[in-house]
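Biologist: I would like a close look at a single part of this predicted model. Which elements give two or more residues to the lining of the largest pocket, and what surrounds them?

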Amino acid sequence: MIDILNLALPYFGLIFIGYACGKYKRLPEAGLEWMNFFLLYVSLPALFFRTLAKTPLEELNNPPFVIATTLATASAFFISMFGVKFIAKLSTRESAMAGLGGGYGNIGYMGPGLALATLGAKATAPVALIFCFDTIFLFTIAPLMMVLTDGERRPLLPTILLVAKQILLHPLIVASYFGVLVAAFHVPVPVAVDNMFQFLQSAAAPVALFALGVTVALRPFERVPWEVPGVILVKLILHPLIVVGLLLLLGPFPPVWAATALLLASLPPALNVFVIARQYDTWIEPASTLVLVGTFVSVVTLTSVMWMIKTGVIVFP
């Protein structure tokens with residue numbers, strides 16, 4: 001158990017340090033923009049490029065694994081979406097944002113570092129696949145739902161092309177397929193460039209987690225909308241259970257791959273849920289509360305999953 005705490009606490013500790021700094025100093029939120037730019041356009045792309053460039057291409061060719069993990073994410077999205085729509089009586093637009101909270105875990109900021117620290121280098125390929133295909137699904141469904149529910153009539157084809165452009169040019173996706181090309185054609189990366197990317201890669205997790213804590217601290221927290229606990233339940237409990245069921249149904253998969261999928265499904269709601277909610281001016285306060293409460297609750301649930309994986313309580317065939 002001490003080993004699990006030693007793995008988990010540095011990650012949550014950085015979030016709490018960022019949270020404490022945000023509460024104490026109260027600097028303008030605009031100051032985070034360059035930090036977020038560094039993460040999205042520099043550090044995290046370096047992490048995913050370097051990760052994929054060093055992964056043999058044959059390890060990435062695993063369609064059943066992609067189907068299992070992406071279908072689990074889609075299931076969590078739609079369960080959350082329709083659950084809050086019919087139980088909480090939210091609008092379709094608000095419900096779609098709640099669905100994003102139920103399916104979109106912190107796979108960019110927390111996922112790679114936590115998985116590699118817990119499971120080792122063999123988790124690299126499944127982390128990359130889950131990130132790429134979850135991002136493609138969620139970055140497709142969210143803009144489409146927002147466009148279809150904004151009350152304006154828009155041509156379907158230009159809307160689809162716009163969404164496709166946003167996905168294809170997303171910096172993390174661009175870094176991913178460049179990494180795959182380097183791996184496929186065995187292109188040697190110059191030592192100086194590789195060292196620079198490793199330096200940038202090392203900054204990704206600490207900067208991301210600190211920024212997450214500060215951002216959460218600067219959000220108003222007055223009440224917990226009653227639909228939020230249900231979405232957290234889907235994200236932290238139901239999503240991992242769905243992943244386990246689909247892995248057993250479509251598998252078997254290598255134990256490290258299955259454990260990686262379970263670990264990433266257990267991550268708390270991503271900060272980007274709040275960012276996207278603010279972008280589309282819908283469900284903003286609940287999204288902020290969801291990220292805050294979900295992150296704190298995951299200290300217990302995510303650490304428990306890590307403990308069960310490391311001690312063999314959960315064993316995949």
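Modeller: An element, in what follows, is a helix of at least four residues or a strand of at least two, taken as a DSSP run and numbered from the N terminus. The model is predicted, and every value below is computed from it.

The largest pocket has a volume of about 880 Å³. Its lining comprises 35 residues, and those closest to the centre are L40, F139, H170, N272 and V275. Four helices each give two or more residues to this lining: α2 (33-53), α7 (124-148), α9 (171-184) and α13 (271-279). The largest share belongs to α2, with seven residues. In terms of class, 22 of the lining residues of the largest pocket are nonpolar, ten are polar and three are charged.

Helix α2 deserves further attention for its aromatic residues. A search of the whole structure gives 13 aromatic pairs. One of them joins W34 and F37 in an edge-to-face arrangement, with 5.5 Å from centre to centre and 75 degrees between the planes. The spacing along the chain accounts for this, because W34 and F37 are three residues apart in helix α2 and hence separated by about one helical turn. The underlying rule is that an α-helix has 3.6 residues a turn, so residues three or four places apart point the same way. The two partners fall on either side of the 50% cut-off for exposure: W34 counts as exposed because its relative accessibility is 67%, whereas F37, at 39%, counts as partly exposed. F37 also pairs with Y41, this time stacked, at 4.6 Å centre to centre and 20 degrees between the planes. This second pair likewise lies within helix α2, its members being four residues apart, about one turn of the helix. Y41 counts as partly exposed, because its relative accessibility is 47%. Elsewhere, ring pairs link F77, F78, F82, F86 and F137 into a cluster.

Helix α7, already named for the pocket, leads on to the cavities. The structure holds three cavities of 30 Å³ or more, and the largest cavity has a volume of about 90 Å³. It is lined by 13 residues, of which T73, I130, D134, H239 and A265 lie nearest its centre. The elements that give two or more residues to the lining of the largest cavity are α4 (63-87), α7, α11 and α12 (255-265). Helix α12 provides the largest share, three residues. Seven of the residues lining the largest cavity are nonpolar, five are polar and one is charged.

Among these contributors, α11 (residues 228-250) can be described in more detail. Its 23 residues reach 31 Å from the first C-alpha to the last, close to the 33 Å expected at 1.5 Å a residue. Helix α11 nevertheless bends by about 40 degrees at L238, and a proline, P240, follows within four residues. Both H239 and P240 are among the buried residues of α11, a set that also includes V228, V231, I232, L236, I242 and V243. H239 is thus a buried residue of α11 and one of those nearest the centre of the largest cavity.

Definitions and conventions: Residues are numbered from 1 along each chain as its sequence is written. This is a predicted model: local features need pLDDT of at least 70, side-chain atom pairs count only at pLDDT 80 or more; totals for chains, interfaces and linings use all residues. Side-chain values use heavy atoms; hydrogens and water are left out. On a 1 Å grid over the protein atoms alone, a cavity is a set of points where a 1.4 Å probe fits but cannot get out, and a pocket is an open set with protein on both sides within 12 Å along at least five of seven lines; lining residues have an atom within 4 Å of a point. Grid points are joined across faces, edges and corners, and a volume is the space filled by probe spheres set on the points. Ala, Val, Leu, Ile, Met, Phe, Trp, Tyr, Cys and Pro count as nonpolar, Asp, Glu, Lys and Arg as charged, and the others, Gly among them, as polar. Rings of Phe, Tyr and Trp (its six-membered ring) pair if their centres lie within 6.5 Å; planes under 30 degrees apart count as stacked, over 60 as edge-to-face and the rest as tilted. Buried means under 20% relative accessible area, exposed over 50%, partly exposed in between (1.4 Å probe, protein chains only). The expected span of a helix is 1.5 Å times one less than its number of residues. The bend at a residue is the angle between axes fitted to the seven residues ending there and the seven starting there.
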